[in-house]
Amino acid sequence: MHGFAPLRPLRPSCGRLLAEARARAEGIARETERVLRDHAERREEVQTHMDHVRASLSALTGRVVD
């Protein structure tokens with residue numbers, strides 16, 4: 001005999017580890033999607049503000065600001 005324990009007792013724990021890993025991956029994916037949405041919203045807010053600043057500068061100077 002080789003002296004190693006059979007692998008069968010480990011199978012339930014492997015299944016649990018895989019389930020935990022899948023759950024964690026799904027949680028990370030949800031959090032990533034939330035962060036991306038938040039960043040997209042913030043980008044739109046900043047872009048709107050920059051458009052306003054450009055329009056204000058154009059009105060004040062009489063020149064088009066790119």
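These are my notebook entries on the salt bridges and surface of a predicted model.

**Entry 1: overall make-up**

I began with the secondary structure. The chain has 1 helix and 0 strands. Helix α1 covers residues 11–61. Next I looked up burial. The chain has 66 residues, and 0% of them count as buried. I then took the accessible surface, which comes to about 6400 Å² for the chain. Carbon and sulfur atoms hold 60% of that surface.

**Entry 2: salt bridges, the count**

How many salt bridges does the count come to? I get 4 salt bridges. I went through several of them by residue.

**Entry 3: R34 and E31**

I looked at R34 and found its side chain in a salt bridge with that of E31. The N to O distance is 2.6 Å. Both residues sit in helix α1, 3 residues apart, which is about one turn of the helix. I checked exposure for each partner. R34 has 35% relative accessibility, so it counts as partly exposed. E31 is at 38% and is also partly exposed, because the partly exposed class runs between 20% and 50%.

**Entry 4: R42 and E45**

Further along I looked up R42. Its side chain meets that of E45 in a salt bridge, at 3.2 Å from N to O. R42 and E45 are 3 residues apart in helix α1, so about one helical turn separates them. For E45 I noted a relative accessible area of 47%. That value makes E45 partly exposed, because exposed would need over 50%.

**Entry 5: D51 and R54**

I then turned to D51, which forms a salt bridge with R54. The closest N and O atoms are 3.3 Å apart. Again I checked the spacing: D51 and R54 lie in helix α1, 3 residues apart, or about one turn of the helix. D51 is partly exposed at 42% relative accessible area. R54 is partly exposed at 28%. That is not buried, because buried means under 20%.

I also checked for shared partners. Which residues do salt bridges that share partners join into one network? They are E31, R34 and D38. This puts the E31 and R34 pair from Entry 3 in that network.

**Entry 6: L57**

My last lookup was L57, which is found in helix α1. Is L57 buried or exposed? Neither: L57 is partly exposed, with a relative accessible area of 38%. I listed the contacts of L57, leaving aside neighbours within four places in sequence. What remains is G62, R63 and V65. Helix α1 ends at residue 61, so by the helix range these three partners come after the helix.

Key. Residues numbered from 1 in each chain as written. Predicted model: local features only at pLDDT ≥ 70, side-chain atom pairs only at ≥ 80, totals over all residues. Heavy atoms only, no water. Helix = DSSP H or I, 4+ residues; strand = E, 2+ residues; numbered from the N terminus. Buried < 20%, exposed > 50% of the residue type's maximum accessible area, 1.4 Å probe, protein only. Areas by Shrake-Rupley, 256 points an atom, 1.4 Å probe, with all protein chains shown as cover. Contact = heavy atoms within 4.5 Å.
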